[in-house]
Structures are given as C-alpha cells and as structure tokens.
Amino acid sequence: PLYLDHLASTPLDPEVLAAILPWLAPAAVGNPHAARHQPGWRAAEAIDAARAEVAALVGARPGEILFTGGATEANNLALLGGAPAGWPVIASAIEHPSVLACLPELAAQGHPTEILPVGRDGTADLDALKRLLAGRPALVSLMAANNEIGTLQPLEAAAQLCRDAGALLHSDAVQILSTGAVDVRALDLAFLSLSGHKLYGPMGIGALFVREGTAMRPRLLGGGQQEDRRAGTLPTALCVGLGAACRIARRRRTADATRLLALRERLFRALRQGLPDLRRNGSAAHGLPGCLNVTVPGLDAADLLLDLPELALSTGSACSTGSPEPSHVLRAIGLSPEDSYGSLRLGLGRGTTEDDVDRAAARLVAAITARGPR
Ligand code: PMP
C-alpha cells in the first residue's frame with residue numbers, strides 16, 4: 001500500500017540500517033556497561049558517539065542525554081521524575097497520551113495539575129499559561145508539534161513565560177525533529193523528549209534531554225547505568241541507529257521541510273477540489289510540513305479506510321486506535337464527535353512523491369464521492 005502515515009512511524013533510513021547491522025552480528029558481543037574488556041568498551045564507544053549525535057541535534061551536551069525505550073518512557077520520566085515535590089504540573093490539552101496519562105499519578109502524589117487550553121487551530125493559549133503560572137513555579141509540558149493535527153507550538157514565547165515564572169519547561173519534540181530545529185539552550189528547556197521511529201531511526205529507542213543540574217528521580221532502578229538515572233543495559237544497535245538518524249536529520253531537515261510543505265499543499269488542493277466541503281484541521285501557517293488533517297463532514301473515516309486497503313493512513317491518532325472515543329486533540333480544538341469521526345490524518349515523509357500525493361487524493365476523492373450524499 002501507499003504509505004501516508006509518517007506521523008505514526010517513519011521507515012528506517014537505509015543509512016541507519018547500514019549503521020545498525022554490524023551491531024546485531026555475533027561479533028558485536030559486549031555489554032556496553034562492562035567496559036573492562038575490548039568487546040565492552042567498543043560498544044561503550046559506539047554508544048558515546050551516538051549520544052553525541054543525539055545531543056548535537058537539539059543543541060545539548062552529550063552528558064545531558066539519556067537513552068530510553070522510546071518517547072513514551074522519556075515523557076513519563078520527565079513528568080513523573082522531573083516534577084519537584086509539591087510543584088504544580090501544567091500540560092497542554094493536546095499533549096500525547098504518554099504525557100497526559102501521568103497527570104492522575106502526579107495528582108495522587110499531591111501535585112496540583114492543570115490543563116492548558118488550546119485555540120481552534122491547536123495553538124496553546126499563552127494568556128492562560130501566564131495566568132496558570134502566576135506567582136508560582138511549575139513544571140510545564142508543551143509539545144513542539146502535535147502528532148494528530150501538526151500544529152507547531154509557540155515554544156519561544158512559552159519559554160519566556162516559564163523563565164519569568166521560574167518554571168521548568170518540558171517539550172515533547174518527537175514530531176518536529178525530522179523537519180525542524182529545536183535548540184534546548186535557546187529555549188532554556190529543562191527536558192526534551194524524542195523518539196527513533198519518528199526520525200527514520202529504529203523503534204523502541206528514544207532519548208530524554210535533562211538540563212545539567214536538573215534534579216530527576218529515576219523510574220527504572222537497577223544496575224546504576226546512565227549515572228543511576230535510568231537503569232538497564234543499553235541496546236547498542238538501537239542507540240547507534242538513533243545516533244545515525246539524528247545525524248541524517250540534522251543534514252536533511254531544512255530541505256525535507258521545504259519539499260514536504262509543497263507536497264502537503266498539493267495534496268490539500270487536490271482534495272479540496274474534489275471535496276468542496278472538506279475542512280482543514282490545525283494551522284496551515286504554523287503546521288508540520290508533512291501533516292495534513294482534514295474533516296469531511298458526515299464521513300465515517302474508519303469505515304472508509306476499510307474500503308481503501310491500498311492506502312495506509314490514519315483517522316485521528318494511531319496511538320489511540322482501538323478506542324472508540326473521538327480523538328482528545330480534535331475535541332480540544334472544538335470538533336464535534338461526528339466531525340472527529342469524519343477526520344483523516346495524512347502523514348507525508350521522505351519517500352513521498354508528487355505522484356503518490358496525486359494518486360492518494362484521486363483515490364480518496366473517488367471513494368468518498370462514491371459513498372454518495374452524507
Ligand atoms: N509523543 C508524540 C508526540 C508521539 O507522536 C509519540 C508516538 N506516537 C510519542 C510521544 C510516543 O513515542 P514512542 O512511540 O517512541 O513511545
């Protein structure tokens with residue numbers, strides 16, 4: 001099928017695969033934390049090099065990067081491990097479930113928790129943030145870009161408000177890093193999360209940036225790996241793969257962003273032409289170049305996709321498939337449950353061509369039109 005679900009997962013870059021493969025071979029034996037022999041220290045060196053690549057992508061120092069089992073773990077660690085005792089925790093209404101699901105646990109631990117509302121295009125309400133921060137430090141979690149509607153958040157302005165209030169800022173940067181830059185220093189971030197499989201790297205590996213000097217309680221306890229902040233033997237091959245993916249992203253992100261933006265608008269125009277009542281969700285001016293989220297009023301999008309096995313795309317977020325609830329993101333930007341069931345998310349990526357976009361639009365328009373009046 002034609003793959004248009006790059007916000008759910010990106011294909012492994014061939015250069016990443018080539019970097020990983022030697023580390024999966026029997027000859028690559030060696031626990032990277034057992035560096036008293038050559039097999040161990042060779043693995044440790046490879047992981048150090050990868051850590052430096054991850055750090056370079058976001059403007060951090062290598063010692064500020066912890067490898068994790070993905071961004072879910074990184075987000076959990078930032079919120080559950082990074083909120084100082086008793087501090088309020090503020091998260092935007094459209095954060096990933098791996099952020100929002102931490103809030104009840106934080107509340108049970110005595111943290112006041114607050115949801116930061118967003119406007120109709122998904123942009124966080126900065127006046128509300130200012131009010132929520134009034135006169136007290138807090139941990140704030142605001143994603144760089146949303147994974148369902150693609151909206152880019154005003155991180156610079158939010159960072160300034162956090163700085164003024166003495167708040168710690170965490171940003172889930174999972175979706176932005178293949179097409180946009182985030183600089184942890186410029187934004188003075190305390191925490192930043194990223195994920196390998198949204199960066200043309202491997203699944204099951206991610207990283208958390210923790211600003212030097214920031215207190216954080218570990219969630220995984222054990223053998224003291226990664227300076228006691230995240231126990232567990234690091235998977236050398238996956239770390240090397242994430243490092244390679246970060247190196248490639250740094251080289252490609254600007255050109256990829258330009259190309260994807262043009263493809264996204266081509267796709268939107270083609271869909272709009274065939275489906276005049278189509279509505280766009282998110283922000284065209286401040287949106288991820290590879291993300292188009294649309295609503296076709298009256299459509300049963302999940303049912304439509306059953307008729308289109310030749311297209312791989314999403315309704316709402318892949319992270320919540322299987323749950324019959326309308327997307328919390330589409331609800332937060334004011335869509336009715338009906339409109340949210342009529343919504344499709346198209347995720348374009350490095351391999352997507354103009355021909356792919358034209359074919360996908362033609363198939364969707366034909367299939368939706370064939371269903372007759374809605
Ligand atoms: N945050 C965002 C914005 C995401 O899109 C995802 C992946 N759906 C995650 C966090 C979780 O990442 P992972 O799959 O690496 O656990």
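These are my notebook entries on the overall fold, one sheet, one strand pair and the ligand shell of a predicted model.

**Overall dimensions**

I began with the chain as a whole and counted 13 helices and 12 strands in the protein chain. The radius of gyration came out at 21 Å, close to the 21 Å that the globule rule gives for 374 residues, so I noted the chain as being as compact as a globular protein of that length. Along the principal axes, I found that the C-alpha atoms fill a box of roughly 70 × 55 × 35 Å. I then looked up burial and found that buried residues make up 48% of the 374 residues. For the contacts with a separation of 6 or more, I noted that 73% are accounted for by residues 24 or more positions apart.

**The seven-stranded sheet**

I next traced an open sheet of 7 strands, which runs in the order β2-β8-β7-β6-β5-β3-β4 with mixed pairing. Its edge strands are β2 (65–68) and β4 (113–116), each of which pairs on one side only. With direction ignored, I recorded an average turn of 20 degrees between neighbouring strands of this sheet. At the β2 edge, I found that β2 pairs with β8 (residues 206–210) in the antiparallel sense over 4 bridges, and that the bridge partner of Ile65 in β8 is Phe209. Helix α3 (residues 71–82) packs on the sheet, where I listed its contacts as β2, β3 (89–92), β5 (139–141), β6 (168–172), β7 (191–195) and β8. The direction of α3 makes about 165 degrees with that of β7.

**The ligand shell**

I turned to the ligand and found 14 residues around it, the closest being Gly70, Ala71, Thr72, Asn147 and Ser195. Helix α3, which I had already seen packing on the sheet, gives the largest share of this shell, with 3 residues. Sorting the shell by class, I obtained 4 nonpolar, 9 polar and 1 charged residues.

**Strand β12 and its partner**

Lastly I looked at β12 (residues 343–347), a mostly covered strand in which 5 of the 5 residues are buried. Ser343, Arg345 and Gly347 point one way from β12, whereas Leu344 and Leu346 point the other way, and I noted burial for the residues on both sides. I found that β12 pairs with β10 (residues 291–295) in the antiparallel sense over 5 bridges. Within this pair, I looked up Leu292 and found that its bridge partner in β12 is Leu346, one of the buried residues on the side that Leu344 also faces.

Note on methods: Residues are numbered from 1 along each chain as its sequence is written. This is a predicted model: local features need pLDDT of at least 70, side-chain atom pairs count only at pLDDT 80 or more; totals for chains, interfaces and linings use all residues. A residue is buried if 20 or more other C-beta atoms lie within 10 Å of its own, exposed if 12 or fewer, and partly exposed in between; C-beta atoms are placed from the backbone. Helices (H or I, at least four residues) and strands (E, at least two) are DSSP runs, numbered from the N terminus. Two strands pair if DSSP finds at least two bridges between them. Axes are lines fitted to C-alpha atoms, for helices over the stretch in contact, and angles run from 0 to 180 degrees between N-to-C directions. Two residues are in contact if their C-beta atoms, placed from the backbone, lie within 7 Å. A residue is near a molecule or strand if its C-beta atom, placed from the backbone, lies within 6 Å of it. Ala, Val, Leu, Ile, Met, Phe, Trp, Tyr, Cys and Pro count as nonpolar, Asp, Glu, Lys and Arg as charged, and the others, Gly among them, as polar. The radius of gyration is taken over C-alpha atoms; the globule rule is 2.2 Å times the number of residues to the power 0.38.
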